[in-house]
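Hi everyone, thanks for coming. I'd like to walk you through a structure today, one piece at a time. Have a look at it first, and then we'll start.

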Amino acid sequence: MSRTNVVLNPLECTQQALNWIEKKSLTHDEMVALNKEVLSNFKEYVNPGFLEYRKSVTAGGDYGAVEWQASGLNTLVDTQGNEYIDCLGGFGIFNVGHRNPKVISAVESQMAKQPLHSQELLDPLRSMLAKTLAAITPGDLKYTFFCNSGTESVEAALKLAKAYQSPHGKYTFVAATGAFHGKSLGALSATAKSIFRRPFMPLLPGFHHVPFGDIEALRTQLHECKKTGDDVAAVLLEPIQGEGGVILPPKGYLPAVRALCDEYGALLIFDEVQTGMGRTGKMFACEHENVTPDILCLAKALGGGVMPIGATVATEKVFSVLFDNPFLHTTTFGGNPLSCAAALATFNVILTENLPAKATERGQQLMDGFRRLAVQYPEFMMEVRGQGLMQAIEFVKSEVGYSFSREMFQRNVLVAGTLNNSKSIRIEPPLTITAEQCKQVLTRAEEALKAMRALSPTHQPTMSVA
């Protein structure tokens, strides 16, 4: 698609955007104009492919729901005033809800003082957040490198593992099939979805993949690498695979992985970008089986749904390879004051409101409800699985899952598929979701499934026998 031959005035572009930003409400004509502008901008300047992907855009591409503002911790409103219950959670960003007052207040207060650090004076909030992470992460995890995203946190973990293990002649990494660790070149080498990998081949050498949850496959891989002198530097895993379709490992798998890593002298890296921050019912998912990694990757919900921030936390033994030269791996905006303020407030909210416990309670309510629906609609739903408020519904095929997402959107509930398993629809609402909102989600899910059954050409209504 060629770019439209239009002469753009950048000053007019910025002024128009600032005018929209400053508006508190929209008239009908303003709403129509904004929707038209946004749809056109996505088509011409962002990526027209997004318009084909999003269920919030009509099949003809002539209308797209445009996000306007959060209307509560767990709800969003579009420019037309339609309110949606958020069961997508920005792919795991909004653990403490949308525009959480404590997080917003912390960021606004820091904004009034100093939004970004000077790069020379010591920035206080980075030190305070690092101390908090040392206190809250399991085991002897202690030192933290701050960055801006989950992908960056994984990149830092890979480089840290390389720096630590290269003197020992260990350069190889083992990840799992179905894994998602990001899309930058290093993280993509660990990610296991071929559609994301093929256009960028060859990726970084030295990465192997084994089936997730199969401890014998991991044992064999470590053994074979050792036999060939291709010793493993680190094993990188999600405690629960997120984009793979919310796949839980068998009980005992994570402790067994820890033991294997210790046996072979490999580091253990847990990618808790999606599973961390209370999502699964514990602050970190690895705590369900009392397993401590050597390196822990965090992001997404760490910024409280307000600021982007990632973190790579490691033991002193591993992190010490950066002590002599702390500039071996840096980033300009990592650990900036606004993001650190948001993260500190986020931990405060999670702890004071005991959101991991709420994730367990509300998660059970949704899990029980969806599993009842799976029994009633076996022609559509194969399995409901998850832990806490990290759940997935697996449908019989991808098209059915997409139909369910569309039907839910039409009933003002936001859900979406997972990137590595398109048959699985994620259920990841804010941990602040209420029991009443969960009830509404389940009611609308049943309505969606009823509508799908009514439209299904293969459905034959059953007759009751007296």
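Let's begin with a hairpin: strands β2 and β3 form one, with four residues between them. In that turn sits G81, and its phi is positive, about 90°. I should say right away that this is a predicted model, so please keep that in mind as we go.

Okay, back to the two strands. β2 covers residues 75–78 and β3 covers residues 83–86; they run antiparallel, and three bridges join them. If you want a pair to click on, try V77, which stands opposite E83 in β3.

Now, β3 has another neighbour too. Which way does β3 pair with β13, parallel or antiparallel? Parallel, over two bridges, with β13 being residues 413–414. Here the pair to look for is D86, standing opposite L414 in β13.

While we're at β13, step back to the loop between α15 (398–410) and that strand, and you'll find N412 there. N412 has a phi near 65°, a positive value in a residue other than glycine. Just for background, most residues other than glycine have a negative phi, and most peptide bonds are trans. Is N412 buried or exposed, or something in between? Its relative accessible area is 21%, so N412 counts as partly exposed.

There's a second residue of this kind. V246 isn't a glycine either, and its phi is positive as well, near 55°. You'll see V246 in the loop between β7 (232–237) and α11 (253–264). V246 counts as buried because its relative accessibility is 0%.

And what about the peptide bond from M201 to P202? That one is cis, with omega near -5°. P202 lies in a loop as well, the one between α9 (194–197) and β6 (207–210).

Let's move on to another group of strands, with β9 in the middle of the story. On one side of the pairing list, β9 goes with β8 (residues 267–271) in the parallel sense, over three bridges. β9 also pairs with β10 (residues 310–315), this time in the antiparallel sense, over four bridges. A handy residue to follow is C297. D271 stands opposite C297, and in β10 the bridge partner of C297 is T312.

Where do the side chains of β9 go? In general, the side chains of a regular strand alternate between the two faces of the sheet. In β9, residues 295–298, I295 and C297 point one way while L296 and L298 point the other way. Every one of those four is buried.

Next up, empty space. Rolling a probe the size of a water molecule over the atoms shows where such space is left. How many cavities of 30 Å³ or more does the structure hold? Just one. The space in the largest cavity is about 30 Å³. Its lining is made up of L222, K226, D231, V232 and Y264. Sorted by type, the lining has three nonpolar residues, two charged ones and no polar ones.

Then we have the second largest pocket, with about 800 Å³ of space. There are 23 residues lining this pocket, and the closest to its centre are R126, F145, P326, H329 and T330. α6 (124–136) and β4 (141–147) each supply at least two residues of the lining. β4 gives the largest share, four residues. By type, the lining of this pocket splits into 11 nonpolar, nine polar and three charged residues.

Last topic: the record. An unreviewed UniProt entry places the feature "binding site" at G150, T151, Q274 and T332. Those positions are spread over 183 residues of sequence, and they're spread in space too, up to 23.9 Å between C-alpha atoms. From this set, T332 is part of the lining of the second largest pocket we just talked about.

So where is T332 in the fold? T332 is found in the loop between α12 (316–319) and α13 (337–352). Leaving out residues up to four places away in sequence, T332 touches H117 and Q119.

And G150? That residue is in helix α7, residues 150–165. G150 counts as buried because its relative accessibility is 14%, and the cut-off for buried is under 20%. With residues up to four places away in sequence again left out, G150 touches V273 and A299.

That's my tour. Happy to take questions!

Key
Residues numbered from 1 in each chain as written. Predicted model: local features only at pLDDT ≥ 70, side-chain atom pairs only at ≥ 80, totals over all residues. Heavy atoms only, no water. UniProt positions renumbered as here; feature names shortened; annotations may be inferred. 1 Å grid on protein atoms, 1.4 Å probe; cavity = no way out; pocket = protein on both sides within 12 Å on 5 of 7 lines; lining within 4 Å. Buried < 20%, exposed > 50% of the residue type's maximum accessible area, 1.4 Å probe, protein only. Contact = heavy atoms within 4.5 Å. Points joined across faces, edges and corners; volume = space filled by probe spheres on them. Nonpolar A, V, L, I, M, F, W, Y, C, P; charged D, E, K, R; others polar. Pairing = 2+ DSSP bridges.
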